[in-house]
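Visitor: I am new to this structure and would like a close look at one part of the interior. Please take it slowly and say what surrounds that part.

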Amino acid sequence: MKAAGIVTLLAAAANGLQVDFSSDDSIKQAASTVAYGLLKYYTGNNTGDTPGNLPDPYFWWEAGAMFGTMIDYWFYTGDESYVDVTAQAMIHQVGDDKDYMPTNQTRTMGNDDQGFWAMAAMSAAENGFANPPPDQPQWLALVQAVFNEYG
Ligand SMILES: *[C@@H]1O[C@H](CO)[C@@H](O)[C@H](O)[C@H]1NC(C)=O
Ligand SMILES: *[C@@H]1O[C@H](CO)[C@@H](O)[C@H](O)[C@H]1NC(C)=O
């Protein structure tokens with residue numbers, strides 16, 4: 001009874017999102033609603049905006065966490081709706097040294113900030129998210145670059 005109460009509370013907190021955890025379709029439908037809602041915050045793919053950035057007041061690391069979530073979402077659901085926008089962001093934020101230390105962010109960047117992008121790239125490498133074009137650094141190499149630059 002207690003568990004049921006908590007589930008009801010969570011469902012209510014998530015704005016009436018109803019999930020039947022015994023049904024793959026229901027889980028995917030709910031995840032799709034959440035993914036759509038998450039990407040509504042994103043403007044980086046608008047003309048003139050910077051791919052990979054979230055608008056103020058969101059930080060660069062939060063965008064990294066968001067795209068890591070989108071890669072996991074793609075992997076677990078098979079929904080390809082956000083693959084292009086995710087790949088564009090992940091590739092645009094690669095730094096000049098083939099890492100996740102883009103010049104625009106270096107003023108405020110710490111290991112933890114890069115870590116969110118590296119974990120997104122690691123998820124991409126592990127789950128077979130399509131690599132960047134061959135003339136650009138691949139997901140695994142990007143993760144290794146972040147690791148190697150940690151000091
Ligand atoms: C940006 O991506 C979102 C999510 O895929 C999409 O809904 C939106 O139409 C895209 N905007 C542009 C300008 O392509
Ligand atoms: C850095 O900022 C400039 C100016 O806003 C932008 O054009 C460029 O795409 C940004 N680069 C990255 C990697 O975000």
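Guide: Two residues are in contact when heavy atoms of theirs lie within 4.5 Å. The model is a predicted one. With that cut-off, Gln114 is in contact with Trp60, Tyr100, Met101, Met109, Val146, Glu149 and Tyr150, its neighbours within four places in sequence being left aside. Gln114 belongs to helix 5 and counts as buried because its relative accessibility is 4%, where the limit is under 20%.

The part to look at closely is helix 4, which covers residues 83–92. Its buried residues are Val83, Val85, Thr86, Ala87, Ala89 and Met90. A general point about helices helps in reading such a list. An α-helix has 3.6 residues a turn, so residues three or four places apart point the same way. What do the buried residues of helix 4 pack against? Their partners are helix 2 (24–39), helix 3 (60–77), helix 5 (111–127) and helix 6 (139–149).

Thr86 is a good residue to start from. It sits in helix 4, and with a relative accessible area of 1% it is buried, since the limit is under 20%. Beyond residues up to four places away in sequence, Thr86 touches Phe67, Met70, Ile71 and Phe129. A polar atom of the Thr86 side chain also lies 2.7 Å from the backbone oxygen of Tyr82. Trp74 is twelve residues from Thr86 in sequence, and their C-alpha atoms are 9.9 Å apart in space.

From Thr86 the path leads to Phe129. Residues up to four places away in sequence again not counted, Phe129 touches Ile71, Trp74, Val83, Thr86, Ala87, Ala124 and Trp139. Three of the names in that list, Val83, Thr86 and Ala87, are also among the buried residues of helix 4.

These contacts lead on to the largest nonpolar core, which has 31 residues. The residues with the most contacts inside this core are Tyr42, Phe67, Met90, Tyr100, Phe129 and Trp139. Helix 2, helix 3, helix 4, helix 5 and helix 6 each supply at least two of the core's residues. Which helix gives the largest share? Helix 3 does, with eight residues. Met90, one of the residues with the most contacts in the core, is a buried residue of helix 4. Phe67, also on the list of core residues with the most contacts, is touched by Thr86.

Helix 5 offers another buried side chain to set beside Gln114. Asn127 lies in helix 5 and counts as buried because its relative accessibility is 19%, where the limit is under 20%. Asn127 touches Asp72, Trp74 and Phe75, residues up to four places away in sequence not being counted. Trp74 is thus a residue touched by Asn127 and, separately, by Phe129. Glu62 is 65 residues from Asn127 in sequence and 21 Å from it in space, C-alpha to C-alpha.

The ligands bring the account back to helix 4. Ligand 1 is surrounded by Asn45, Asn46, Tyr82 and Val85. Val85 is a buried residue of helix 4, and the backbone oxygen of Tyr82 is the atom that lies 2.7 Å from the polar side-chain atom of Thr86. An oxygen atom of ligand 1 is 2.2 Å from an N or O atom in the side chain of Asn45. Of the 360 Å² of accessible area that ligand 1 has on its own, the protein covers 45%. The shell around ligand 1 divides into two nonpolar residues, two polar and no charged.

Around ligand 2 are Thr50, His92, Gln93, Pro102 and Asn104. His92 is the residue at which helix 4 ends. An N or O atom in the His92 side chain is 2.8 Å from an oxygen atom of ligand 2; for the side chain of Gln93 the distance is 3.1 Å, and a polar side-chain atom of Asn104 lies 2.2 Å from an oxygen of the ligand. The protein covers 51% of the 360 Å² of accessible area that ligand 2 has on its own. The shell of ligand 2 divides into one nonpolar residue, four polar and no charged.

Two backbone details in the loops complete the picture. In the loop between helix 4 and helix 5 is Lys98, whose phi is near 60°, a positive value in a residue other than glycine. In the loop between helix 2 and helix 3 is Pro57, and the peptide bond from Asp56 to Pro57 is cis, with omega near 5°.

Definitions and conventions
Residues numbered from 1 in each chain as written. Chains lettered and ligands numbered in written order. Predicted model: local features only at pLDDT ≥ 70, side-chain atom pairs only at ≥ 80, totals over all residues. Heavy atoms only, no water. Buried < 20%, exposed > 50% of the residue type's maximum accessible area, 1.4 Å probe, protein only. Helix = DSSP H or I, 4+ residues; strand = E, 2+ residues; numbered from the N terminus. Core = buried A, V, L, I, M, F, W, Y, C linked by side-chain atoms within 4.5 Å. Near = heavy atom within 4 Å. Polar contact = N/O pair within 3.5 Å; in protein donor to acceptor, adjacent residues only side chain to side chain. Areas by Shrake-Rupley, 256 points an atom, 1.4 Å probe, with all protein chains shown as cover. Nonpolar A, V, L, I, M, F, W, Y, C, P; charged D, E, K, R; others polar.
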